[in-house]
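Good morning, everyone, and thank you for making the time. I would like to walk you through one model today, beginning with the ligand and then turning to the way the protein is divided.

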Amino acid sequence: MNYNIALLKGDGIGPEIVDSAVRVLEKIGEKYGHVFNFTPYLIGGIAIDSCGEPLPKATVEGCLASDSVLLGAVGGPKWDTLPGNQRPEKALLGIRSAMGLFTNLRPAKLYPALKGDCPLREDIVANGFDIMIVRELTGGIYFGERGMRQGKYGEEAYDTECYSRMEIERIAKVAYETAQKRNGKLTSIDKANVLESSRLWRKVVHELEASYPNVECVDMLVDNAAMQLVRNPAQFDVIVTSNMFGDILSDEASQITGSIGMLPSASLGDNTRGLYEPIHGSAPDIAGMNIANPIATILSGAMMLLYSFNLKEESEAIVNAVDKVLEAGFRTKDLAHGGEYLTTTEITDKIIENI
Ligand code: IPM
Ligand code: MN
């Protein structure tokens, strides 16, 4: 088969890690007889520098015309002082919204080979953990009404959290279906003891429960969830939550895996076209040094094969190759604890050798 993939390399380490993922996908193409055509488009700071805006129209059009999108990372100190709506991060929200990507899948699992990197006590993670966070991605406070005004105490700024039944229903369906394919346990996280939007969230999530008899759905308040994630992460299977709670909890979940450089993500909408990116940022401090960990981006490529192209065997081939390289003891600098490490290109070579 032929697949057209838009590449949004972005800023910082983005270009290096996307190049690694491209090389891995090319190897998959060679081995399994697929052709992947890659077309680069500008996004983030580099787009601001060359076109004056973080998300040029050509980028949106290119992504919408592609079969799927692979993104590196955006942002850096150079653009940090720009006003909110001109910042590189704005491009991420823009592309998610333009592509209708209301689902964000963020897996966080403990790799046996990296157990020593987990900051939690050994007995807490004795049996590992494997969590899939289903984060709502195009609604809530990220996209609600915001502004500045004069209030009781003078100048004030506000952002609003608003969820419609439709938005809750469609993300809840994805979460139930995801739980069905895994261990059948869904935890819906909200702040229903305070927020009206959370109360509707909770109600709608439970209305769907009857349609998924093999899924057990429990509610958890977000403050408690933050605590439970470090107290007993193995209790979670699938988590479903709002845009902002999902943003925060997925960073926490990534940290307990001990290796933010390992975690991929998939953003999906109503069709098979998705956007795949590592959950880490652009790491401007190590950009261009060939020491970044490309594994999260490589695994994002594996998620693309699975979720957008339904290429299960090919996707597993990448995941297994990464496992083998880690089991063999190879590490990138972020995982080496001052010891020996492979460069970005070297670890990519090792992964390719194992496919
Ligand atoms: C993420 C990031 C983004 C988000 C920012 C950069 C807009 O933190 O993908 O988690 O909050 O969604
Ligand atoms: Mn985040």
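Let me start at Tyr 142, where an N or O atom of the side chain is placed 2.5 Å from an oxygen atom of ligand 1. Please keep in mind throughout that this is a predicted model, so that distance, like the others I will quote, is computed from predicted coordinates. Two further side chains make a polar approach to the ligand: Arg 135 has a polar side-chain atom 2.9 Å from an oxygen atom of ligand 1, and for Asp 247 the distance from a polar side-chain atom to a ligand oxygen is likewise given as 2.9 Å. Which residues, then, are found around ligand 1? Besides Arg 135, Tyr 142 and Asp 247, the surroundings include Glu 89, Leu 92, Arg 96 and Arg 106.

Let me now step back to the whole chain. Domain 1 is made of two segments, 1-102 and 263-355, while domain 2 covers 119-256, and the C-alpha centres of the two domains are 25 Å apart. Nine residues of domain 1 and 12 residues of domain 2 take part in the contact.

How much area is buried between domain 1 and domain 2? The value is about 920 Å², with carbon and sulfur atoms contributing 72% of it. On the domain 1 side, the residues losing the most area to domain 2 are Leu 93, Arg 96 and Phe 102, which together account for 61% of what that side buries. Arg 96 is thus a residue we have already met, among those around ligand 1.

As for polar features, there are zero salt bridges between the two domains, and one residue pair is in polar contact across their interface. Helix H4, residues 88-98, gives the most to the domain 1 side, with three residues.

Terms used:
Residues numbered from 1 in each chain as written. Chains lettered and ligands numbered in written order. Predicted model: local features only at pLDDT ≥ 70, side-chain atom pairs only at ≥ 80, totals over all residues. Heavy atoms only, no water. Domains from an automatic or database assignment. Contact = heavy atoms within 4.5 Å. Buried area = accessible area lost by both parts, 1.4 Å probe. Salt bridge = Lys/Arg side-chain N within 4 Å of Asp/Glu carboxyl O. Polar contact = N/O pair within 3.5 Å; in protein donor to acceptor, adjacent residues only side chain to side chain. Helix = DSSP H or I, 4+ residues; strand = E, 2+ residues; numbered from the N terminus. Near = heavy atom within 4 Å.
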